[in-house]
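Here is a short report on one protein chain. It starts with the whole chain and then moves to a sheet and a single residue.

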Amino acid sequence: MKYILLLLLSFFSFLGNSQNFEDTWEGLFSYVSVKAISEGNDKMYVASENSIFTYDLTDQTVTTISTIQGLSGEDISAIHYSEDFGLLLVGYENGLMDIIIDGEENILVVVDILEKPTIPPDSKGINDFYEYEGRVYISTQFGVSVYDLDRLEFGDTYFIGTQGAQVNITQTTVLPPYIYAASDVQGVKRALVEADDLIDFQNWNDIGGGNVRGVQTLGGKVYIARAFNQVSEYVEGSGFQFLMNFNTSIQDFEVHDGILAVTTREGMFAYGPDFSLLSSVGAVPEFEYASQSGFVYNNNFFIGTINLGMLIVPFGTSQATQVLPEGPILNNPFSIDIKEEKLWVVFGDVSVGFNPFPRSRFGISNLSEGVWTNIPYDELPQDATDIVNVTINPFNTNEVYMNSFIGGLLKVVDQVPVELFNEDNGNTNGTLIIPFGDPAFGIRTFGSDFDRDGNLWFVYSKSNDGLVRLSPSGQFADIDISDIIDAPNEQAFTELKISREGFVFFGTSESGLIGYDPSSGTFNKIDEGAGNGNLSNRNVRALEFDNQNRLWIGTLNGLRVLFNTGGFFEDIGNVEAQAIIIEEDGVGQELLFQQSITDIEVDGSNNKWIATATSGVFYLSPNGQETLLRFTTDNSPLPTNNVQDITVDEVSGTVYFATSNGLVAFKGTSTAPQETLENVYAFPNPVRPGFNGNVTIDGLTARANVKITDIEGNLVFETTSQGGSVQWDTRAFGKYKVASGVYLVLISTDDALETKIHKLMVVR
C-alpha cells in the first residue's frame with residue numbers, strides 16, 4: 001500500500017500555450033535585478049525578477065522576453081537552458097514552470113506543481129534545475145520532481161524528508177552511480193540514480209552536511225556550499241571535509257563546462273578540478289555592485305547583480321561590461337503620470353492602512369522619446385522617501401511634482417530634482433508643519449492636482465491645515481479643515497481631484513469624501529451608507545472627473561458616481577452618490593460590487609479605465625453600462641491582477657498600467673479631441689483580407705459627427721465622437737460586414753463650421 005500511495009503523488013504533465021501580445025501591448029519592465037543566469041546556443045539567458053533577457057555572445061545584441069511574449073509575470077526563481085533539446089526552462093517561486101522552445105513563438109506553461117493540491121501553496125517554489133540524460137531534476141521546496149525533456153512531461157516526485165515528509169531541496173546533482181540532493185534543513189541525501197524505486201524515501205541515505213545551499217560535482221568529486229559561507233568536499237567514508245571559508249555569503253553555486261563558479265555577495269570565484277582556483281573578481285571600477293547570481297563561461301565571469309543588471313568580467317581583469325536592457329529602476333511602480341508623451345514613474349509604497357514604514361528609499365524614472373532616464377535615490381533631496389504620487393504640470397510639462405508620504409512635496413524640473421518642500425522651506429504662513437511636532441510623522445503628502453489657474457492643490461495627513469494650495473509663483477496657502485473633519489485622528493488623506501468649476505475634492509481613509517469650494521470657503525462631506533452620502537465604503541482610494549464633469553469615486557469596497565458636483569455645496573447634508581446598476585442574466589447588479597478600486601482614469605472617448613487590487617482592469621463605456629474590455633493575468637500581459645495606477649496618453653491613446661509586478665502598456669486608440677479636423681486619418685487603411693478588428697478614425701474634434709457611406713452614398717455607420725477618435729467594426733450598423741470597395745468618411749464639427757471627407761478602402 002505504501003508504494004501505491006507514493007505513485008499517486010507522481011505528476012501528470014499539463015501543458016498550455018501562452019499567448020503572444022506584441023501587436024497590441026508593450027512591456028516596460030525593469031531588468032536591474034538578475035536572479036539567475038544560464039548559457040546555450042551562443043547566448044546568455046538572464047532572468048530578472050519576472051522577465052528574461054538574452055545576450056547574444058556573437059553580436060552582443062539584447063532581446064527581452066516578458067509577459068508580452070507569454071511569460072507568466074510571476075517571480076522567477078530558476079532558469080536552465082538545455083542545449084540538447086533547445087529548451088529554456090523557467091521556474092517560479094509559486095511552482096509554475098514556463099518552457100521556451102527554440103524557434104517557437106508560443107511559450108508552454110506547465111502548471112502541474114502549481115495546481116498540486118497535496119502541496120501547501122507556500123511550499124511549491126522551484127529552486128534549481130539539473131539536467132542529466134534527458135531528464136531534469138527539479139529541486140523544489142517540497143522535494144525533487146523529475147521532468148522528461150523529450151516527452152515534455154513529469155515523471156516521479158521524490159519526497160525524501162524524514163519518514164517521507166516534504167523537505168526543501170536547494171540543489172541536486174549526479175555523480176554516477178549516485179544522485180545527490182541538498183537540503184538547507186536535513187543536509188545531503190543520496191541514492192542510486194538508476195534505481196527503480198527512488199520514490200521510496202528509505203532508499204535515500206543521509207551523508208552529512210547541514211544548512212546546505214548547494215551541491216555540485218566537479219572532476220569526479222562532490223562539493224557543497226553551506227549557509228555559513230563554507231565550501232566542503234565529500235570524501236567517501238569520511239563525510240564532508242572543509243575546504244574554504246568565504247568572507248561574505250555565498251549567493252550562487254554552479255558548475256558549467258568543468259568549472260565551479262562560487263558567487264558571493266562581493267565577487268566571484270572560478271575553480272577547476274581538485275578545487276584549484278582559476279580566477280576571481282571582486283571590486284570593479286565604475287560599478288559598486290552586490291551580486292546575487294553568477295555564471296562562468298568561456299573564461300568570463302557573468303555577475304548577476306541586485307541593481308545593475310549583468311556585469312561581464314574577463315578572467316584576470318577587473319574591467320566590467322554592463323548588460324542591462326532599457327527600463328525603469330524597479331518592477332513595483334506605485335504611481336504614474338503622462339503628458340505630451342513624457343511618462344513619470346515613482347515607486348514609494350504604503351500599506352492598505354497607510355503605514356509608510358519601513359521607509360522606501362527608491363529613485364524615480366522617466367520615459368521620454370523612447371529613452372529611460374533613471375534618477376537614483378541618492379540624487380534626490382534628503383528625506384524624499386516613500387514617493388506615492390506623481391503629478392505633471394499641464395501648463396509646463398517639464399515641471400513635475402511628487403508626493404512623499406513622509407518627506408513633503410518634491411519638485412522636479414527638466415528631469416532634475418530641485419527642491420523638497422517640507423517643514424523647513426514650505427511653511428509660509430505656517431504651512432507644512434510636522435503634526436504633533438513628532439518627526440516620525442513627517443509631512444505625509446498624497447493626492448495632488450492642478451486647477452485651471454495653474455495652482456497645485458495637495459493634501460497632507462494629520463494636520464488641521466491639511467489642504468494646501470501652491471500658486472504658480474511658489475506661494476503656499478493652507479486651508480483650515482478642522483470644521484469638516486478631525487484631521488489629527490484621521491489615518492490619511494488620499495486622492496485629490498479638481499472639477500472644471502474649480503471645486504476641490506479629496507478622499508480620506510476613514511471619513512469618506514470631502515469637497516471644498518474655494519470661492520465661498522464652503523465644505524461638504526459624504527460618507528458610506530444610504531442617507532449619509534451612499535458611498536460604498538468610507539475609505540476613498542480613487543477619484544476622477546469624466547468629460548461630463550461627473551465624479552467617479554473608487555473605494556476600498558466598490559464604485560460610486562457623483563452626477564451633480566455643482567450641487568455638492570448647495571444641498572449640504574442631502575447629497576447622495578449613486579451606484580451604477582447593470583443587468584446580468586436579467587437581474588440588476590451593482591457595477592464592481594465590493595471590488596477594491598485603486599485608480600480610475602478617463603480616456604479621450606469618455607470611457608473609464610478602472611484598476612482593482614485583485615481583479616485586474618475594467619474598461620467601461622461612458623455611462624458604465626457596458627464593459628468594453630477586461631484585462632487579467634489570464635487574458636493579457638498583466639503580470640498580476642494587483643494594478644496600482646493607470647495613466648492614459650492623450651496623444652497616442654496608449655494606456656499604461658502600473659502593477660505591483662511591473663509596468664505594461666496597452667496600445668489603445670481613444671485619444672483626446674483636437675481643435676480642428678486638419679489631421680483626421682483612419683487606420684488600418686486599406687482594410688486587408690483577414691482583418692477582424694476595428695477601424696479607428698482619429699484626429700476628431702469633440703462631439704464631431706461621423707458618417708460612413710459607400711461610394712453610392714448609402715449610409716452604413718454613424719456616430720458622435722466622445723473624444724478624439726471613434727471605431728468602426730466594418731459592419732453596416734453592426735449587422736453584416738460591408739463588401740469590398742471605397743467608403744467615404746464624412747466628418748463635421750459640432751457647430752458644423754468645419755467638414756472633412758476621408759476615403760477608406762476595404763478589401764475582403
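Accessible areas come from the Shrake-Rupley method with a 1.4 Å probe. By that method, the accessible surface of the chain is about 31,300 Å². Carbon and sulfur atoms account for 45% of this surface.

**Confidence**

This is a predicted model. The chain has a mean pLDDT of 93. A pLDDT of 70 or more is reached by 98% of its residues. Residues 1-12 have a pLDDT below 50. Beyond near neighbours in sequence, that stretch still has 25 contacts in the model. Where pLDDT is low, the predicted coordinates should not be read in detail.

**Whole chain**

The secondary structure comes to 65 strands and one helix. The chain has a radius of gyration of 30 Å, and the globule rule gives 27 Å for 764 residues. These values are close, so the chain is as compact as a globular protein of that length. Its C-alpha trace spans about 90 × 75 × 55 Å along the principal axes. Of the 764 residues, 57% count as buried. Take the contacts between residues at least 6 apart in sequence: 50% of them join residues at least 24 apart.

| Property of the chain | Value |
|---|---|
| Mean pLDDT | 93 |
| Radius of gyration | 30 Å |
| Residues counted as buried | 57% |
| Accessible surface | about 31,300 Å² |

**A four-stranded sheet**

Strands of a sheet pair through backbone hydrogen bonds, either parallel or antiparallel. Which sense applies in the sheet with the order 52-53-54-55? The pairing there is antiparallel, and the sheet of four strands is open. Strand 52 (597-602) and strand 55 (627-631) are the edge strands, and each pairs on one side only. From one strand to the next, the twist averages 15°.

Strand 52 pairs with strand 53 (residues 608-612) over five bridges, in the antiparallel sense. Ile-600 has its bridge partner in strand 53: Ile-610.

**Thr-54**

Now to a single residue. Thr-54 lies in strand 5, which covers residues 52-56. Is Thr-54 buried or exposed? Its relative accessibility is 9%. Buried means under 20% relative accessible area, so Thr-54 counts as buried. Leaving aside residues up to four places away in sequence, Thr-54 touches Met-44 and Tyr-45. Thr-54 also touches Thr-61, Val-62, Thr-63 and Ile-65.

Note on methods. Residues numbered from 1 in each chain as written. Predicted model: local features only at pLDDT ≥ 70, side-chain atom pairs only at ≥ 80, totals over all residues. Heavy atoms only, no water. pLDDT = per-residue confidence, 0-100. Contact = heavy atoms within 4.5 Å. Helix = DSSP H or I, 4+ residues; strand = E, 2+ residues; numbered from the N terminus. Buried < 20%, exposed > 50% of the residue type's maximum accessible area, 1.4 Å probe, protein only. Pairing = 2+ DSSP bridges. Axes fitted to C-alpha atoms, helices over the stretch in contact; angles between N-to-C directions. Rg over C-alpha atoms; globule rule 2.2 N^0.38 Å.
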